[in-house]
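Okay, everyone, let's get going. I'll put the structure up and then walk you through a few parts of it.

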Amino acid sequence: MDNLSDTLTKLKITAADRTEGSVEGCLVCLLQALAQNNAETSEKIQASGILQLFANLLTPQASCTAKVANVIAEVAKNEFMRIPCVDAGLISPLVQLLNSKDQEVLLQTGRALGNICYDSHSLQAQLINMGVIPTLVKLLGIHCHNAALTEMCLVAFGNLAELESSKEQFASTNIAEELVKLFKKQIEHDKREMIFEVLAPLAENDAIKLQLVEAGLVECLLEIVQQKVDSNKEDDVAELKTASDLMVLLLLGDESMQKLFEGGKGSVFQRVLSWIPSNNHQLQLAGALAIANFARNDGNCIHMVDNGIVEKLMDLLDRHVEDGNVTVQHAALSALRNLAIPVVNKAKMLSAGVTETVLKFLKSEMPPVQFKLLGTLRMLIDAQEAAEQLGKNAKLVERLVEWCEAKDHAGVMGESNRLLSALIRHSKSKDVIKTIVQSGGIKHLVTMATSEHVIMQNEALVALALIAALELGPAEKDLASAQLVQILHRLLADERSAPEIKYNSMVLICALMGSESLYKEVQDLAFLDVVSKLRSHENKSVAQQASLTEQRLTVES
């Protein structure tokens with residue numbers, strides 16, 4: 001290593017004099033030393049202070065530039081050398097060198113910048129601000145036949161694309177076109193995988209999604225799926241998953257999704273449909289997720305229901321009832337839930353037997369499946385008949401009551417409460433209320449009235465008012481033990497309560513007067529004081545209901 005000390009001393013002198021031949025000789029020796037023992041050599045380079053001189057050697061016209069950049073790339077493999085490289089002012093001259101025509105200079109410069117900024121979001125953000133993205137995209141287009149340079153660009157894109165601030169810059173370049181062009185030429189799995197690693201973070205941006213669709217990425221992905229679908233090879237299975245996942249990601253953008261739907265006649269849409277009946281779980285999953293993504297506006301949903309998608313999804317779910325694939329169940333239920341949103345689709349889906357298929361998953365212990373199952377049923381029961389039929393299903397109601405206590409899964413708990421309330425609100429049926437009372441569901445509706453979400457509070461109060469109007473006797477005990485009257489007093493007294501909450505709370509108070517024990521609770525809590533204040537409420541409906549409620553309270557007392 002004494003030779004190394006001599007080399008460093010000599011390099012200092014020759015670098016200061018700009019004696020190019022001598023500098024190159026020293027750099028060759030340094031590179032050899034780094035190849036033998038990178039960490040120790042890097043420490044000596046740092047101690048010698050030579051890094052500070054490198055900035056002046058990084059000029060486009062110097063013959064030693066590529067070797068200087070190579071040395072920097074090697075030392076920056078060590079984490080402890082990255083800050084010293086920054087402090088030596090190397091980033092700016094390196095960025096300038098990305099405009100070089102020399103391919104070796106470009107390669108080593110890219111490596112140097114990549115290693116210095118490795119794992120540092122702040123340094124990567126600095127590079128983005130210095131405009132490296134458009135420069136690198138241009139390089140990829142010019143040097144696409146140089147495998148090493150192409151790889152360097154892809155690695156850089158992969159790192160930079162993780163930063164949100166990069167997406168806008170990428171979107172203003174022709175990155176989509178370049179990557180798709182490159183992708184079409186690749187036959188090797190590893191090379192395609194590298195491109196996938198760049199595409200995935202980029203495709204999170206809606207503008208880039210559309211650019212990728214327009215550049216023909218979808219056709220490439222469909223081709224991969226077709227080639228790999230029957231293979232059991234590990235690489236092929238992985239590539240099939242990546243391609244189909246990326247396909248689904250592209251459909252998350254509204255414009256890209258609509259472009260591929262093409263009024264339901266698009267070849268891409270038709271191909272994705274064919275994945276649902278396939279025997280490959282990954283394709284079934286991607287197909288169902290794709291349908292869920294296509295089903296993001298009423299027009300698409302109506303077209304798909306009219307064209308038999310529901311039956312395909314039900315068949316898929318039937319194949320996954322016993323020991324089924326949870327992700328496929330979840331995706332298919334998501335698709336059905338979205339399809340059930342337009343009013344015109346509800347009756348069609350009910351008559352197709354969707355509720356019967358969905359109810360087969362009541363025994364599922366997986367919260368994501370439970371959540372989507374509940375959402376699908378809630379979307380379907382706007383019709384009185386359907387709500388009554390489901391509301392009298394004791395097994396369903398018992399499961400809902402059980403899930404209303406799923407404190408570890410707020411989504412499942414919230415959806416169960418909302419479905420219980422919806423069964424009462426849409427059926428307006430005494431039998432449904434009896435079933436819910438017998439299953440112990442009343443206390444959950446009372447708790448729901450205290451939810452932080454106004455929409456849920458409101459749904460609970462309307463359901464409770466229907467219970468009080470239609471079937472107060474059987475529910476009386478449960479309403480009292482859940483402290484409904486005290487909760488209503490709190491809601492009316494709280495200035496933060498929304499107008500509709502105050503209104504429905506007063507409607508409910510009037511309905512509760514039919515019960516002697518509950519009315520006594522109302523009298524004991526001095527509701528008159530709270531209600532009379534609301535007669536001057538700015539909301540007309542609240543003020544009118546306050547006058548009516550005050551009259552009822554006065555007459556009854």
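Before I give you any volumes, one term: a pocket here is an open set of grid points with protein on both sides within 12 Å along at least five of seven lines. And do keep in mind that this is a predicted model.

So, pockets. The largest pocket has a volume of about 370 Å³. Its lining is made up of 19 residues, and those nearest its centre are Gly110, Leu113, Gly114, Val155 and Ala156. If you want to find the place on the screen, look for α8 (103–116), α9 (121–129), α10 (132–142) and α11 (147–160), which are the elements giving two or more residues to that lining. The top contributor is α11, with seven residues. As for chemistry, we have twelve nonpolar, five polar and two charged residues around this pocket.

Now over to the second largest pocket, which holds about 310 Å³ of space. Here 15 residues do the lining, with Cys404, Met413, Asn417, Thr447 and Met448 lying nearest the centre. Two elements give two or more residues each, namely α29 and α31 (442–448). Of the elements, α29 gives the most, with four residues. The lining of this second pocket splits into five nonpolar, seven polar and three charged residues.

There's also an enclosed space to show you. How many cavities of 30 Å³ or more are there? The count comes to one, and the volume of that largest cavity is about 40 Å³. Around it sit Leu140, Cys144, Glu178, Lys181, Leu182 and Lys185. Helix α13, residues 175–185, is the main supplier of that lining, with four residues. By class, the cavity lining has three nonpolar and three charged residues, and no polar ones.

On to the core. In soluble globular proteins, nonpolar side chains tend to be buried together. In this model, the largest nonpolar core has 204 residues, and the ones with the most contacts inside it are Phe54 and Leu339. Helix α32, residues 454–470, puts in the largest share of this core, with nine residues. Let's zoom in on Phe54. Setting aside residues up to four places away in sequence, Phe54 touches Leu11, Leu27, Leu30, Val68, Val71, Ile72 and Leu90.

Next, a helix I'd like to spend a minute on: α26, residues 367–380. Take 1.5 Å a residue, and the 14 residues of α26 should span 20 Å; the C-alpha atoms at its ends are 20 Å apart, so the two agree. Is α26 largely enclosed or not, and why? Twelve of its 14 residues are buried, so the rest of the structure largely encloses it. Among the buried ones are Pro367, Val369, Leu373, Gly375 and Met379. The cover over those buried residues includes α23 (326–339), α24 (343–351), α25 (354–359), α27 (384–391), α28 (394–403) and α29 (410–427).

Let's pick one residue out of that helix. Gln370 sits in α26, and what counts as buried is anything under 20% relative accessible area. Gln370 has a relative accessible area of 5%, so it is buried. Leaving out neighbours within four places in sequence, Gln370 is in contact with Ser364, Glu365, Arg399, Trp403 and Val412. For a sense of distance, Gln370 and Ile381 are eleven residues apart in sequence, and their C-alpha atoms are 17 Å apart in space.

Two more residues and I'll stop. Asn338 is in helix α23, and with a relative accessible area of 16% Asn338 is buried. What is Asn338 in contact with, leaving aside neighbours within four places in sequence? Ala292, Ala295 and Cys301.

The other one is Val321, which belongs to the loop between α22 (309–318) and α23. Val321 is buried too, with a relative accessible area of 18%. Again leaving aside neighbours within four places, Val321 is in contact with Gln329, Lys360 and Phe361. And Leu339, which we met in the core, is 18 residues from Val321 in sequence and 21 Å from it in space, C-alpha to C-alpha.

That's my tour, thanks.

Note on methods:
Residues numbered from 1 in each chain as written. Predicted model: local features only at pLDDT ≥ 70, side-chain atom pairs only at ≥ 80, totals over all residues. Heavy atoms only, no water. Expected span 1.5 Å × (residues − 1). Buried < 20%, exposed > 50% of the residue type's maximum accessible area, 1.4 Å probe, protein only. Contact = heavy atoms within 4.5 Å. 1 Å grid on protein atoms, 1.4 Å probe; cavity = no way out; pocket = protein on both sides within 12 Å on 5 of 7 lines; lining within 4 Å. Points joined across faces, edges and corners; volume = space filled by probe spheres on them. Nonpolar A, V, L, I, M, F, W, Y, C, P; charged D, E, K, R; others polar. Core = buried A, V, L, I, M, F, W, Y, C linked by side-chain atoms within 4.5 Å.
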